[in-house]
Amino acid sequence: MLNLSSLQPRQLAAQILNFALVLSTAFMLWKGLSVATDSPSPIVVVLSGSMEPAFQRGDLLFLWNRGQDTQVGEVVVYNVRGKDIPIVHRVVRRFGGGTGPLRLLTKGDNNAADDTELYARGQSFLNRQEDVIGSVVGYIPFVGYVTILLSEYPWLKTVMLGLMGLTVVLQRE
Amino acid sequence: MHSTLVRAQTAFGFFTTVAFCVAALIALSGFVSPQTPSADIKLRNVQVVRGRPNYYSTKKEEYAHIKFDLDTDLSTLFTWNTKQVFLYITATYPSLKPSEPPSSAIIWDAILASPSAPWHQNQYEAPGTPDTRKSDPEAQKAIAAPGILHLQNQRPKYQITDYTGKVANRSDVVLELGWNVQPWVGALTWRGWSDWGVWKGLKGGRTERFGFPGVKERVKVQKEDLGTAKGGEGNRGKPA
């Protein structure tokens, strides 16, 4: 019944364009949010349990990166130099700032020790401007869990993309 | 065309719309619930010692050990959308360079669980908290009104070091109470000093200015005096 060969070429092209529009709209929304929040990644998914019970794996966090004067007690997301894994931890100390760089020390609520050992070799503080990609301002529980599933089971990505493509292409008004 | 797929899509779409709207209403409801937090914090004792402040410290440095008294009434922070309140005390002290703003560090923190939150090992149990498993009416009352603390001569959880390695003889140090309200869904909020809508700013919650004394020799200080309070953090050893 639903058969690609039964589609008119014009209709098929329209459906493909439609699919491309959906993808580019999502991409534009993401980049727009990125500009508005001044953060390369304005929405992140919590990947570890180191901030429990505040955040659990799979929770969705909204970041804000305008206002570089981060205070102690804020929860920031940073990337360790040389590794591309975002880490969500709370600021427990701040030094410097003013004309020089603002330095931060972070700690997970569920970790007994601060993050000194987690940082790159020879680094004992975060540089607010270089390492931090945003400060957490909003929270939605659990809805990001699907991305954890997708990264842990890569074949799900293929299945999902395939299904999305099929539904858009085969949808007829 | 009303195939099963279309019906399923419509049902799921409606579900997400309703869920999103309800979540948004819950998230906004917190902003119309009045808050009147008050706190009283007093410095009890401060010492500066040279040594290794933590078991994982690699070098010897000066560190400050601060004991304090704390009385709080933060019960209005707990609404139906509050999961927990992360309560902390910061010590703020001027930097050595005049161009730099003051540095600050957390010396003590506690996770105050809302009555609606499930038990977690990291949650703080204030001294004298009655055993919740007993169906004692007094215990029930204590659970119903979280955010009320009375701590005397409390040990810090963390000792303060500075990146210069020196903290002795600094003046104009001040202890301040802060918190972060963690909702079930919505915006995270922090302690404010001034009024904002129906939320009153924190009344009290700041000590008089004091100074860090000179370095005391480690041998002259009782080891017990420098002990820190332990939290319930699950990950010991290397942070994850």
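1. Contact between the two domains of chain A, in a predicted model, involves five residues of domain 1 and five residues of domain 2, contact being heavy atoms within 4.5 Å. Domain 1 of chain A covers 7–37 + 157–170 and domain 2 covers 43–142; such bounds come from an automatic or database domain assignment. Their C-alpha centres lie 33 Å apart.

2. The area buried between domain 1 and domain 2 of chain A is about 410 Å², with 55% from carbon and sulfur atoms. Buried area is the accessible area (1.4 Å probe) that two parts lose on being put together, summed over both. On the domain 1 side, the touching residues are four nonpolar, one polar and no charged; nonpolar here means Ala, Val, Leu, Ile, Met, Phe, Trp, Tyr, Cys and Pro, charged means Asp, Glu, Lys and Arg, and the others, Gly among them, are polar.

3. Zero salt bridges are found across this interface of chain A (side-chain nitrogen of Lys or Arg within 4 Å of a carboxyl oxygen of Asp or Glu).

4. The largest nonpolar core has 57 residues, and W108(B) and F212(B) have the most contacts inside it. A core is a set of buried Ala, Val, Leu, Ile, Met, Phe, Trp, Tyr and Cys residues joined through side-chain atoms within 4.5 Å, buried being under 20% relative accessible area (1.4 Å probe, protein chains only). A second, separate core of 14 residues includes V44(A), A54(A), L61(A) and L63(A).

5. Residues are numbered from 1 along each chain as its sequence is written, and chains are lettered from A in the order in which they are written. Local features need pLDDT of at least 70, side-chain atom pairs count only at pLDDT 80 or more, and totals for chains, interfaces and linings use all residues; side-chain values use heavy atoms, without hydrogens and water.

Notes: Buried means under 20% relative accessible area, exposed over 50%, partly exposed in between (1.4 Å probe, protein chains only).
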